[in-house]
Amino acid sequence: MVERTRSLSPALTAFLEGDVSLMLASRDAAGWPTLGRVLACDVSSDGGRLTVYLARTPNAALVAAVAETGQAALVVTKPSTHHSIQLKGRDAAVAPAGEGAAPVVAHHVTGFTRDVGLIGFSTAFSRTLMAHDPRDLAAVTFTPEAAFDQTPGPRAGDPVEP
Amino acid sequence: MSRDICLDAIRSCLEGVIPAAIATADREGVPNISVLSQVHYMDPAHVALSYQFFNKTRRNILANPHATLQLIDPETVAQYRMRVRYLRTETAGPLFESMKAKLAGIASHTGMAGVFRLLGADVFEVLGIEVVPGATLPAPVRNRSLLAATRRCCERLSACTDLEELLDRTVTDLRALFGIDHAMVLMADEAGGRLYTVASLGYRASGIGSEIALGDGVIGVAARERTAIRITHATSDYAYGRAARDSSLEAGGAGDAREIPFPGLAAPHSQLAVPILAGGELIGVLFAESPEAMRFCYDDEDALATVASVLGAMIHVVRQSPAAEPAPEDAAVAEPRGAPARLHHHAADDSVFVDHQYLIKGVAGAILWWLVRQHAQHARTEFSNRELRLAPCIRLPEASENLEARLILLQRRLTERCEVLRLEKTGRGRFRLVVQRPLALEEMG
């Protein structure tokens, strides 16, 4: 881990909240890694905390692992350009998604649909992939301590300035 | 994990249309996600991931072999989680070459040509697959059943009685039963270094007699590694000397060139080559291609591999069949008429030219030259395969099993390129040389 970040830069915040695809990973107490698709990402106003929203039922093991270990790795990719960033935290906590989640998720699904549309995936495809029960949303919040370039290539994994 | 399903049932997720994601963890338990350009199906219990860079995922699996993959079916959007355990890395051989070819197609399709380069095939044991609950789209209705087509094709091949019939049946059925418009059958020569085309389907020029070196393109790699090679998107990495071929075609394939142009598509987007094997021996390669991307998937590969395995077994069977039937009655053969045709033979490579046009070389060239000399010296027209095997000047390799393939090649080449000579089958292991014009034979040093 590189040093604890103070806050995410405006550029990185804009990327996270833009037309991107999001995946979250954690691991359970026994060390097994698991992962799942995230529906939206929200950066706190001071840039110091990240909240991601995901459907709880299809990601039950992931949500349980986060609750168990607090470990979180979030990959944020813009499918049309392959540009990709990974953020990591170890204080992740699970909570029910609040009232504010629905518009954030709706905004993100629209952005995701737009971007994968650029590389040939239909609206039906992306809407189906992102379909969820709004009553089944969980919120995972963590402090991003490190950020890594994840764009495919030999530099994938290099630390970047958050 | 509950609701475990078989890896075979979700291979459409492994075509690289939608990148899979993998979660790993390091020794300290810090998780990591990587996007995977290729998850390769090996067998129902194993997948291989492309190792291209020494990245975090690679460091993690060396420290902690457990990982979870998330996969998406590109048609139904069904999602799966697969728990795997890292076993080993292969850096050469059939698995590596299959993945390298497929990765080249994926790389050029995703704008990553030159970035994606396979360093190794990381082999993982599949421990369990779970369906991720979620919405799906209806699966598209297929326009054919590959299993039914495979069965029918194999039944028809099993009914064939000689090599020519097997080759014709194969290409006919590829089109009729599998909807494949461009295909070839190539045979391996005994020395093992090259493959030559004996049957083809759907090309402007048949390319009968054209040669591919072992290791060249998907056909040559499939032959060398004795494994199926399949590309789902166009890639220049596996192109067949296209510039040379095109210029040769433009020149009409004439002149002193002693190469028959390879017939392949100018811009193939999908290619599939499966080895034809019999009793552990490489007999040849069955090859299909298409201008359409993603034309051949894992099931097509299985189908053609099955057809190739029956074809290989049947080639083995017809080779063991009784030799020549009794010689037929001498047919009334028309006397050659008209101006003499000039045939040149170059002993160095057994190439034969008819009226200064290249016709054939190698073993097939030697056979032709022996036949026309027999005709000139003894006015013979009826021949048997057996006497060809015994003729010392034909220089067939020891215990050659490919004489029939050479004769088919010669017969087809004559039909396409020579108005003066023709070979006609007169019975099992017997044929007739039909000479339309008088021949003037000339041996070149």
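The following exercises, each with a worked solution, concern a predicted model with chains A and B.

**Exercise 1. Strand β5 of chain B**

Task: Determine which strands pair with β5(B), in what sense, and over how many bridges.

Solution:
- Step 1. Locate the strand: β5 of chain B covers residues 66-72, and six of its seven residues are buried.
- Step 2. Examine strand β1 of chain B, residues 20-25: three bridges join β1 to β5(B), and the two run antiparallel. Within this pairing, B:A23 has B:T68 as its bridge partner in β5(B).
- Step 3. Examine strand β6 of chain B, residues 79-90: β5(B) and β6(B) are antiparallel as well, with seven bridges. Here B:Q70 is matched with B:R81 in β6(B).
- Step 4. Inspect the connection: six residues lie between β5(B) and β6(B), which form a hairpin. In the turn, B:V77 has a positive phi of about 70 degrees.

Result: β5(B) pairs in the antiparallel sense with β1(B) over three bridges and with β6(B) over seven bridges.

**Exercise 2. The interface of chains A and B**

Task: Describe the extent of the contact between chain A and chain B, and state which kinds of residue chain A contributes.

Solution:
- Step 1. Count the participants: chain A supplies 33 residues and chain B supplies 41 residues.
- Step 2. Consider the area: the two chains bury about 2,900 Å² between them, with 69% of it on carbon and sulfur atoms. On the side of chain A, the residues that lose the most area to chain B are A:W32, A:P33 and A:L35, which together account for 23% of what that side buries.
- Step 3. Look for specific pairs: there are zero salt bridges between the chains, whereas 11 residue pairs are in polar contact across the interface.
- Step 4. Assign the elements: β1 (21-27), β2 (33-38), β5 (72-77), β6 (84-89) and α4 (123-129) of chain A each give two or more residues to the side that touches chain B.
- Step 5. Sort by class: this side of chain A holds 19 nonpolar, 11 polar and three charged residues.

**Exercise 3. The setting of B:E289**

Task: Decide whether B:E289 is buried, partly exposed or exposed, and identify its surroundings.

Solution:
- Step 1. Place the residue: B:E289 belongs to strand β13 of chain B, residues 281-290.
- Step 2. Apply the cut-off: B:E289 has a relative accessible area of 3%; buried means under 20%, so B:E289 is buried.
- Step 3. List contacts: leaving aside residues up to four places away in sequence, B:E289 touches nine residues' worth of neighbours named here in part, including B:H182, B:M184, B:Y203 and B:F296.
- Step 4. Find the polar partner: the side chains of B:E289 and B:Q271 make a polar contact at 3.1 Å.

Note on methods: Residues numbered from 1 in each chain as written. Chains lettered and ligands numbered in written order. Predicted model: local features only at pLDDT ≥ 70, side-chain atom pairs only at ≥ 80, totals over all residues. Heavy atoms only, no water. Buried < 20%, exposed > 50% of the residue type's maximum accessible area, 1.4 Å probe, protein only. Helix = DSSP H or I, 4+ residues; strand = E, 2+ residues; numbered from the N terminus. Pairing = 2+ DSSP bridges. Contact = heavy atoms within 4.5 Å. Buried area = accessible area lost by both parts, 1.4 Å probe. Salt bridge = Lys/Arg side-chain N within 4 Å of Asp/Glu carboxyl O. Polar contact = N/O pair within 3.5 Å; in protein donor to acceptor, adjacent residues only side chain to side chain. Nonpolar A, V, L, I, M, F, W, Y, C, P; charged D, E, K, R; others polar.
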